[in-house]
Amino acid sequence: MINYKEIERKWQAEWDKSKIFEGDIGPKEPYMVTAAYPYVNAPQHIGHMRTYGTADVLARYKRMQGFNVLYPMGFHGTGTPILAFAKRLQGKDEELIRELRIFHIPHDEMEKMTDPLYIANYFANEIENGMHKAGYSIDWRRKLFSIDPYYSKFIEWQFGILNEKGFLTQGRHPVGWCPVENNAVGMHDTLHDVEPEIEEETAVAFEVDGKGEFMLCTTFRPETLPGVTNLFVKAEATYALCNIDGRSGSYYIAKEAIEPLAHQLKISVAKEVPGEELLGNVCINPLTGAKMPVLPGFFVKEAVGTGLVMSVPAHAPFDYAALERLRLSGNAVAAGIKPIKVIEIEPGKQAGRAKMKESDVPAAAYLALLDASAGSSDNAIEEATKLEYKDESHWGRMIAKGYEGMSEPDARDKIKDELTKSGKGFSLFVLVNSPVYCRSGHKIVVKIVENQWFLNYGDKEWKKSVADLFPSVKVLPDKSRRVFESAIEWIDLRAVARAQGLGTRFPVDRNYIIESLSDSTIYMSLYTIMPMVRNLPPEKLTPQFFDYALLGKGDADDISKSLGIDYDILRKARESFEYWYKSTSRHSSPDLIFNHLTMYLYNHVAIFPKEYWPKQIVVNGTVLSEGEKMSKSLGNIVPLSDGIEKYGADPLRFVVIAAVDLFNDSNYSPDAVSGVGERLEYLYNSAANVGNLGSGSLKHIDYWLYSKLNRKIDTVTKSMDILELRVASTDMLYNSILELKRYFARGGDNSVVVKEYLSAVTLMLSPITPHISEEIWHLLGGQTFASIEKWPMPDESMVSDKVERQEDIVDSVIADSRQVLEIVSKKGGKHPKEIRLIVADDWKRMASNLLAETKSVGKAMDSVKSDKAKALGESATKVEIGAVADYMNALAKKMAGLKESGITQADELSLLEEAKYYIGSMVGLKVTIEKESESKSPRAKRSMPEKPCINAE
RNA sequence: GCAGGGGUGGCAGAGCUUGGCCAAAUGCGACGGGCUUAGGACCCGCUUCCUUUAGUGGAUGCAAGAGUUCAAAUCUCUUCCCCUGCACCA
């Protein structure tokens, strides 16, 4: 049993000592690999290995390919999560404490984690340790941290440029808001991490006849306004007549609804009215001028929207149901209301689900579709509503006067527009999944933030530059290219400033802090100059400094004097950037395509000259744990250190990084990991045993192993180039073991061949399983580091289809023999004493080749008839034409699969002769071999090329 | 709703871009056998059905249905189902 931990520790120490992973400017071609830096609110778990490990595999592979590789790493700590973390821990949040226990965070450390900076540093260390143990070939000298002062200087410089170029804009923006704590709330700030879902709806004002007062309704479907027949209120609720800042007239709004709306509208209450009193009102449809009554609606909720609902019984099942119920209870007004149909599903088109007659009310038809009716439960009516809404917005066409033929979304925009213009309606934002609570337990509302700062990714020219750049960016896997294309097209305004969190003050308005994805778009460039930056005091890191180091602007001499920075340091920084940033590969997970990675492209285009724009982006799948998504709440997270401790970094790396292709999710399971561990051990043991093997001239099986090896080198190299690691890794590990086992079973015993084979396989495995590869490499006599050895080159001349085909023949002979023996024993005949293999004569091979070439029995027979000796060879002259025709006709059935083959009878004879003891041992009987023409067996004629006739005798 | 990705044998997961060599790799599991005091380790075999006095044969088959073709898991169309993302959040 190998001790992975010991081997890993040993080689990690050796690598550190020799500094082979420290990247410095040199004569070789540079290659820089960066992965999205980890956020420091927890140690790493094995899921993180996917991105960082894949980046490491690429870094190691490129190094072996002769590049000067730099793989730097940093830490991310800006934004709100660490603050929230500290706050939660102060409040002794049990959920968080449970999570921390998974990671074995000691109790006394938890007590210290009320200080955000302490948390950040603690986890930064933890993560660094984990990455070190995982064997990532990182140059730690370049470590950066997004909450350090130099980083802020860097970000200020970046935003200065963005501002100068006019990419910053201001505007209104709705956000989830905690009214008690007065701050914006995103998913991470809510109880149970619920995303506050904000949607836009339309407020519509219905004038109360002759009073100058308005009933204010809210709706998601203003296009149904022509179909409104009445309004609904909740009779038991209290309503208020209010004034709204900036609007004339006064408005009825449910009392309960005022508070949530107050963050979007300035509302003052004039008087309160019981809902019942509103029932007598007659209102005017602002669009059509129609007069309509106000009725009590059973489903109206006073805290939703404005607490008033416009009723469209033709298209809203709830409205329909409410009217029906009123009618049944004897309400004469309700009984007099006729639904007004304003939308029709286009006939002939992929119709809506509900089948209806001309006369039907759609809302009723949708209820009927679900076997529901006006009296059904709210849930059932809700279902019908969703279904109808979906169908109508997809396939519906307006039939209302003035909007005939418009699609529903178009009509919606048009009517909304008309309402806005006439002052009878306006947009409101609602929290559709209300109630949502913030972590301290308060109900969240929607607030319109005025003067929010945005980065304008919608800028046309900017967008075009990015779109133009993108085709030249290599994307791995290529299938995610399309996702990027739509992301580049789609990305628009993005809020960049927040009221709170760790990070850099927004230079344009220092009351705000730069949002943490926006401060992480070009930081990879900072790695290139980190060694210089670290040694400079932050106040010297002015825009002038970064302009020079990263953009080459200005004169080093002048800047050196004005900033008091050593000239050589400036030059070195500039050179370092120029050298490393030419050739970069960026690694991340697919969920970052729509934000980070796209912003990465945009910001590079905005700031750097063309030659330093992104060259390659690698997107990798996630890691499942035993087929399930890993999540803290499921408690199935495996901390990286636990995984490494238990199985060793190498087997873990193999399973998590390499066992599947890039984009697919990999599946962590203890069985798989230990299985890999055992297989690596087989390679190790084989290497240890090389010295005990013999030597001598090469045999068939040696050539076979060489062929397999060189083919392997070729395919592995090709798939490593595009990081499709599944094929590469199974070929390297699983197949290598199968091949070695076969080699030995077939009598292979050549130490030179095996050593060559193992050396190449070991080197190719090195990027994935670096530690054990290093160990095996040295076991095989290597004196250098496998990690920086030259990647193997395939020797094409050693690849032989023929040699490999011959081994396949051996296999099929064994399989067929077994089958024959089984049938013989089933039939209860006498026990055979030997297997006699009768090898087909050469004329059959030539006939087969002829057929493979002509694909026609007729044509093939023609050439046989015209000159049998030429077509089938001299020795075939004795063969009768009829026999040839029979043979060809039999073959014709498999014409499509027929291939020409260079294997002659002599080849086959010598192959079987050599393999007969092996075959014999596999079958359990003695094996003898004879030629078809010399066989006395009546069955001999059944022999075919590469399929000898098998006689059990 | 919009956008993207899928549906393959007990499970996981290849293959489908370039249709035939695919009853469909590989791993796991199940089963049978060997090794062994015993086995979780290792080795061999087997894992749709039928047929065959002997193997290199046939049928069915890769979500469902239809089509193109000498030939389809692979191409086209339709239907059904599943997953992911949709923003100010790292």
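## Notebook: RNA strand B and its surroundings

I began at the backbone of the RNA, where a phosphate oxygen of RNA strand B is 2.3 Å from an N or O atom in the side chain of Lys 741. I keep in mind throughout that this is a predicted model.

**Entry 1, the surface near the RNA.** I next listed the elements that give two or more residues to the surface near RNA strand B, and found helix H13 (378–395), helix H16 (481–490), strand S21 (493–495), helix H24 (670–689), helix H26 (725–745), helix H29 (801–826) and strand S31 (949–952). Which element gives the most to this surface? It is H29, with six residues.

I then looked up the whole set of residues around the strand: 48 residues surround RNA strand B, and the closest are Tyr 39, Arg 498, Ser 516, Asn 595 and Lys 741. Of the atoms of RNA strand B that come within 4 Å of the protein, sugar and phosphate account for 54%. Sorted by class, the surface near the strand has 19 charged, 17 nonpolar and twelve polar residues.

For the bases I noted two contacts, one through a side chain and one through the protein backbone. A polar side-chain atom of Arg 494 lies 2.8 Å from a base nitrogen of RNA strand B, while a backbone N or O atom of Ala 495 lies 2.6 Å from a base oxygen of the strand.

**Entry 2, enclosed space.** I asked how many cavities of 30 Å³ or more the structure holds. The search returns one, and the space in the largest cavity comes to about 30 Å³. Its lining consists of Gly 79, Arg 498, Gln 500, Gly 501, Leu 502, Ile 513, Ile 514, Glu 515 and Ser 516, which divide into three nonpolar, four polar and two charged residues. I marked Arg 498 and Ser 516 here, since both are in this lining and both are listed among the residues closest to RNA strand B.

**Entry 3, the second largest pocket.** I recorded a volume of about 1700 Å³ for the second largest pocket. Its lining is made of 43 residues, of which Glu 201, Thr 218, Phe 220, Val 304 and Gly 305 lie nearest the centre. By class, the lining holds 23 nonpolar, nine polar and eleven charged residues. Among the elements that each supply at least two residues of this lining are strand S7 (198–208), strand S8 (213–219), helix H10 (317–328), strand S19 (445–456) and H13; I had already met H13 at the surface near RNA strand B.

**Entry 4, cysteines.** I searched the whole structure for disulfides and found zero. For Cys 283, which is in no disulfide, the nearest cysteine sulfur is that of Cys 217, 7.6 Å away. Cys 283 counts as buried because its relative accessible area is 0%, and Cys 949, at 4%, is buried as well.

**Entry 5, backbone geometry.** Most residues other than glycine have a negative phi, and most peptide bonds are trans, so I looked for exceptions. The peptide bond from Leu 476 to Pro 477 is cis, with omega near -5°, and Pro 477 sits in the loop between strand S20 (474–476) and H16. His 104, although not a glycine, has a positive phi of about 55°; this residue lies in the loop between helix H4 (94–102) and helix H5 (107–112). Leu 723 also has a positive phi of about 55° without being a glycine, and is placed in the loop between helix H25 (700–721) and H26. Is Leu 723 buried or exposed? At 1% relative accessibility it counts as buried, because the cut-off for that class is under 20%.

**Entry 6, single residues.** His 596 is found in helix H21 (residues 593–607) and counts as buried at 4% relative accessibility; its side chain reaches the backbone oxygen of Ser 520 at 3.3 Å. Asp 16, in helix H1 (residues 4–18), is partly exposed at 43% relative accessibility. The C-alpha atoms of Asp 16 and Ser 137 are separated by 9.5 Å, although the two residues are 121 residues apart along the chain. Asp 360, in the loop between strand S16 (343–345) and helix H12 (362–369), is partly exposed at 24%. From C-alpha to C-alpha, Asp 360 and Met 793 are 76 Å apart in space, and 433 residues apart in sequence.

Definitions and conventions:
Residues are numbered from 1 along each chain as its sequence is written. Chains are lettered from A and ligands numbered from 1 in the order in which they are written. This is a predicted model: local features need pLDDT of at least 70, side-chain atom pairs count only at pLDDT 80 or more; totals for chains, interfaces and linings use all residues. Side-chain values use heavy atoms; hydrogens and water are left out. A residue is near a molecule or strand if one of its heavy atoms lies within 4 Å of it. A polar contact is a pair of N or O atoms within 3.5 Å; within protein, one must be able to donate a hydrogen and the other to accept it, and residues adjacent in sequence count only if both atoms are side-chain atoms. Helices (H or I, at least four residues) and strands (E, at least two) are DSSP runs, numbered from the N terminus. Ala, Val, Leu, Ile, Met, Phe, Trp, Tyr, Cys and Pro count as nonpolar, Asp, Glu, Lys and Arg as charged, and the others, Gly among them, as polar. On a 1 Å grid over the protein atoms alone, a cavity is a set of points where a 1.4 Å probe fits but cannot get out, and a pocket is an open set with protein on both sides within 12 Å along at least five of seven lines; lining residues have an atom within 4 Å of a point. Grid points are joined across faces, edges and corners, and a volume is the space filled by probe spheres set on the points. A disulfide is a pair of cysteine sulfur atoms within 2.5 Å. Buried means under 20% relative accessible area, exposed over 50%, partly exposed in between (1.4 Å probe, protein chains only).
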